[in-house]
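Please open the model in your viewer and keep the selection panel at hand, since the tour below moves from one selection to the next.

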Amino acid sequence: MAAESKAVVTVLGFDRKGIIAGVSSVLFERGVNILDISQTILDGYFNMVMVVDLSEPTCPFDELQGALNDLGKEMGLQIRIQKNEIFEAMHQV
Amino acid sequence: MIQTSQILETLRMIDQEKLDVRTITMGISLFNCVCDDKRRLASRVYSRIARQAENLVKVGREIEREIGVPIVNKRISVTPVSLITGAIDDPIPVAEALDRAAKETGVDFIGGYSALVQKGMTAADRRLIASIPEALSETDLMCSSVNVASTRAGIDMDAVRLCGEAIKSLAEKTGDKDGLGCAKLVIFANAVEDNPFMAGAFHGPGEGDCAVSVGVSGPGVVKRALESVKGASFDVVAETIKRTAFRITRVGQLVAMEASERLGVPFGIVDLSLAPTPAIGDSVAHILEEMGLEKCGTHGSTAALALLNDAVKKGGVMASSHVGGLSGAFIPVSEDIGMIEAAACGALTLDKLEAMTCVCSVGLDMIAIPGDTSAATISAIIADEAAIGMINSKTTAVRVIPAPGKKVGDYVEFGGLLGRAPVIPVHPFSSDAFIARGGRIPAPLHSLRN
């Protein structure tokens, strides 16, 4: 996926303080720029989708993924990062 | 720009509907290993595979992590072994080399301990078929297949007889595991050369040195999509399946292109099959039931499956640059929770399964039959299935397990993706004299096709 440098971070779980702050700081520390954020809260259930730019990361994808997973475990949330291509493939012709 | 709802829909497909890529399969030609010393041949085969597939599992895992879609299996298929063992007297060392190479590379299965004998058998083909019970009972990851018929060549009834005997003997040799060896052996008509699915994968003689192919899955996603069109006409059902199949196949295409680039190996094909697993929510039978059948196997099942099989192809074909393999809906019994339930309650019989294979992508698959079923009856089941494939110009196959010591109503347990199955009855009347005839059933006419 060399040509593409965008990824999607999704956070699912129960709402609590500091979710966006936590995710943003993990991304900031690794040189990842946030391009777009949208979030909804449905019955206290938190859905956040963040599109990020991976063109100048300071660490490999696996490490970033690991850091987000660790944060997810710490906060009791499911945090994922997936390359943007999967969504483009499935939803754009 | 992708909508948030589309992103969440993809996550739902992965988490709840079990969207996955079933396999990345690397096809490897073994023609350059040929020599007339069996030890040297085996060692060349091992080295060739171990080197070529060195990074397959690593790359598969990388892609899986990056796109967030599970890639359940990584597999290898090779040139049919009978084609490279013409100058040696015993193919078993090659079987051992294949199994070792599979373990060394970390793949889940290796396929291609195979012979293509639709028109006749060479001495090497006969040796290979005779060695199947020993080869499959003494290896762990190796799969085997024999193509006994084709629309152009007819049915090789001598090979059909030998394959029935091989299945029987293999079941007995692996009797302590309910005849598990038979789950690794498929008898084909019109086998395809680029199938990435096991147990029937081999790298056909018309293929290049190496290629990566991908087999998709996704029955759960189709079932869920149909839940949203309850009661709608079949026009709507077909369109819904097509749209869903398109999305599933796009995932397969993405994975295939990435794997091809990272491994430096040409892209082969995407196989658009709906491959079920025994997990709840991953069943082809449940798709048919969602169309309005109380139980899979009842009247209407063949029509429902025909629609499904065709719509999957129509939806998937535009999503990939090269579609191939078996591409359609699989109906394995033990690997599909809905099929298991339908067989257990008597809704799904061997005869109905045979009818359904006229319109599904392959054939009689992963069916447990009584342990006392004779080799001739198994051969006759193969002959019937081969006839359906031959006349209808489609791939058909037989993968049955005559589970030693088991009777109708007992269960066989294979575990993992292979699942479990109730033993279902075969006809008690003999086909012995029919199978004893041997020879060939001639190829059919290609016109006057009513």
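A residue is called buried here if 20 or more other C-beta atoms lie within 10 Å of its own, with the C-beta atoms placed from the backbone. Please keep in mind throughout that this is a predicted model.

Begin by selecting strand S6 of chain B, residues 185-189, where five of the five residues are buried, so the strand is largely enclosed by the rest of the structure. If you show the side chains, Leu185(B), Ile187(B) and Ala189(B) point one way from S6(B), while Val186(B) and Phe188(B) point the other way, and all are buried.

Next, add strand S4 of chain B, residues 142-150, which pairs with S6(B) in the parallel sense over five bridges. To find your place along this pairing, look for Ser145(B), whose bridge partner in S6(B) is Val186(B).

Now add S10(B), which pairs with S6(B) in the antiparallel sense over three bridges. Here Ala189(B) stands opposite Thr396(B) of S10(B).

From S10(B), residues 396-403, move on to S9(B), which runs parallel to S10(B) and is joined to it by six bridges. Within this pair, Ile369(B) stands opposite Pro402(B) in S10(B). Strand S9 of chain B, residues 364-370, has seven of its seven residues buried, so this strand too is largely enclosed by the rest of the structure. If you then add helix H13 of chain B, residues 375-392, you will have S9(B), H13(B) and S10(B) on screen together, and these make a right-handed β-α-β unit.

Turn next to helix H2 of chain B, residues 38-52, which has 15 residues and reaches 21 Å from its first C-alpha to its last, close to the 21 Å expected at 1.5 Å a residue. Colour Leu41(B), Ala42(B), Val45(B), Tyr46(B), Arg48(B), Ile49(B) and Gln52(B), which are buried in H2(B). They cover an arc of only 165 degrees around the axis, which puts them on the same side of H2(B). The face turned away from that buried side carries the exposed residues Arg39(B) and Arg51(B). To see what covers the buried residues of H2(B), add, among others, strands S1 (21-28), S2 (71-78) and S7 (210-216) and helix H4 (92-105) of chain B.

Finally, show both chains and select the contacts between them: 18 residues of chain B are in contact with 19 residues of chain A. On the side of chain B that touches chain A, helices H1 (4-15), H3 (56-67) and H8 (234-263) of chain B each supply at least two residues. Coloured by type, the residues of this side divide into eight nonpolar, five polar and five charged.

Methods:
Residues numbered from 1 in each chain as written. Chains lettered and ligands numbered in written order. Predicted model: local features only at pLDDT ≥ 70, side-chain atom pairs only at ≥ 80, totals over all residues. Contact = placed C-beta atoms within 7 Å. Helix = DSSP H or I, 4+ residues; strand = E, 2+ residues; numbered from the N terminus. Nonpolar A, V, L, I, M, F, W, Y, C, P; charged D, E, K, R; others polar. Buried ≥ 20, exposed ≤ 12 C-beta atoms within 10 Å, placed from the backbone. Pairing = 2+ DSSP bridges. Right-handed = clockwise from strand over helix to strand, strands pointing away. Expected span 1.5 Å × (residues − 1). Arc of directions from axis to C-beta.
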